Amino acid sequence: MSGRFIAFEGGEGAGKSTQIARLAEALRARGEEVVVTREPGGTPGAEEIRALFVTGETGRWTVETDVLLVTAARADHVARLIRPALEAGKTVLCDRFIHSTLAYQGCGKGVSIGLLKRLHSFATGDLWPDLVLWLDVPVELGLSRSTKRAAAQDESLPQEQRFEALGLAYHEKVRRGFAAFAADDPRVVRIDAAQPLDAVTAAIAAAAL
Ligand code: TMP
């Protein structure tokens, strides 16, 4: 596979969307063909699964069902969009990927990391990102940004707040999970996303360009 696969990760309200758009623009300016996508979602089928996964009550699904839903969505997304794009030599920027499952369902909810990795390998033909940019913000700051965004959102759109409602202690575990991945794996790079936007963009450019 010749393209490059970059995942953006982080807790709630880390500012991933803005930074993904900026990196996409910088890569296109260098002449790269860039595909921007997200998880859960990215293909019509995976977007249908997303609607089940991120809306409704927090306790709507058990964690086992959550793992299987997000992994099923990822299998479709990789087979139909990410792998073909990489094979065509494109750069893929994905808003969340396997490290969200490892952090939210693994570190946050106690599902075995080994099991999550085996499921991932089965679902995706063992596709891992070349680079993971972990946009790190303190949990309280991220949750307050995300709650403000939800309040400002058009009321006709469904609220995607299932995981926000799990509270501070849960999101602290998720953050510690990302920190542990960054400490263990040089492909996972921590970006201080509490800095002003342009400084975050510069840090991402230094890691990815
Ligand atoms: P988003 O708000 O970044 O679009 O992500 C949707 C929510 O889904 C977010 O609260 C994190 C959660 N999530 C998981 O719990 N596990 C996963 O594997 C993924 C991809 C997302």
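These notebook entries record what I looked up in a predicted model of a protein with a bound ligand.

**Entry 1. The ligand and its shell**

I began with the surroundings of the ligand and found 15 residues in its shell. Glu 12, Arg 50, Arg 96, Thr 101 and Gln 105 are the closest of them. By class, I noted six nonpolar, three polar and six charged residues in this shell.

I then asked which helices each supply at least two residues of the shell. They are helix H2 (44-54), helix H3 (63-87) and helix H4 (98-107). H4 contributes the most, with four residues.

**Entry 2. Polar contacts of the ligand**

Next I listed distances from polar side-chain atoms to atoms of the ligand. For Thr 101, I recorded 2.6 Å between a polar side-chain atom and a ligand oxygen. For Gln 105, the partner is a nitrogen atom of the ligand, and the distance from a polar side-chain atom is 2.8 Å. For Arg 74, an N or O atom of the side chain is 3.5 Å from an oxygen atom of the ligand.

How much of the ligand's accessible area does the protein cover? On its own the ligand has 480 Å² of accessible area, and I noted that the protein covers 93% of this.

**Entry 3. The largest pocket**

I checked where the ligand is placed relative to the open spaces, and it sits in the largest pocket. I noted a volume of about 750 Å³ for this pocket. Its lining comprises 36 residues, and those nearest the centre are Glu 12, Lys 16, Arg 50, Arg 96 and Glu 160. Two or more lining residues come from each of helix H1 (16-29), strand E2 (34-38), H2, H3, H4 and helix H6 (139-152).

Which element has the largest share of the pocket lining? I found that H4 does, with four residues. The lining divides into 13 nonpolar, eleven polar and twelve charged residues.

I also compared the two lists of residues. Glu 12, Arg 50 and Arg 96 are among the closest to the ligand, and Glu 12, Arg 50 and Arg 96 are also among those nearest the centre of the largest pocket.

**Entry 4. Enclosed cavities**

I turned to enclosed space and counted two cavities of 30 Å³ or more. The largest cavity has a volume of about 120 Å³. Of its 15 lining residues, Gly 11, Glu 12, Val 137, Val 139 and His 171 are the closest to the centre. Strand E4 (131-136), H6 and helix H7 (168-184) each give two or more residues to this lining, and H7 gives the most, with four. I classed the lining of the largest cavity as nine nonpolar, three polar and three charged residues.

The second largest cavity holds about 30 Å³ of space. I listed its lining as His 99, Trp 128, Pro 129, Val 132, Asp 185, Arg 187 and Val 188. These residues divide into four nonpolar, one polar and two charged.

**Entry 5. Backbone details**

Finally, I looked up two points in the backbone. The peptide bond from Glu 39 to Pro 40 is cis, and I noted its omega as near -10 degrees. Pro 40 belongs to the loop between E2 and H2.

The other point is Arg 96, a residue other than glycine that has a positive phi, near 75 degrees. I located Arg 96 in the loop between strand E3 (91-95) and H4. I noted again that Arg 96 is among the residues closest to the ligand.

Technical notes: Residues are numbered from 1 along each chain as its sequence is written. This is a predicted model: local features need pLDDT of at least 70, side-chain atom pairs count only at pLDDT 80 or more; totals for chains, interfaces and linings use all residues. Side-chain values use heavy atoms; hydrogens and water are left out. A residue is near a molecule or strand if one of its heavy atoms lies within 4 Å of it. A polar contact is a pair of N or O atoms within 3.5 Å; within protein, one must be able to donate a hydrogen and the other to accept it, and residues adjacent in sequence count only if both atoms are side-chain atoms. Accessible areas come from the Shrake-Rupley method with a 1.4 Å probe; for residues, only the protein chains shown count as cover. On a 1 Å grid over the protein atoms alone, a cavity is a set of points where a 1.4 Å probe fits but cannot get out, and a pocket is an open set with protein on both sides within 12 Å along at least five of seven lines; lining residues have an atom within 4 Å of a point. A molecule sits in a cavity or pocket if more than half of its atoms lie within 2 Å of its grid points. Ala, Val, Leu, Ile, Met, Phe, Trp, Tyr, Cys and Pro count as nonpolar, Asp, Glu, Lys and Arg as charged, and the others, Gly among them, as polar. Grid points are joined across faces, edges and corners, and a volume is the space filled by probe spheres set on the points.
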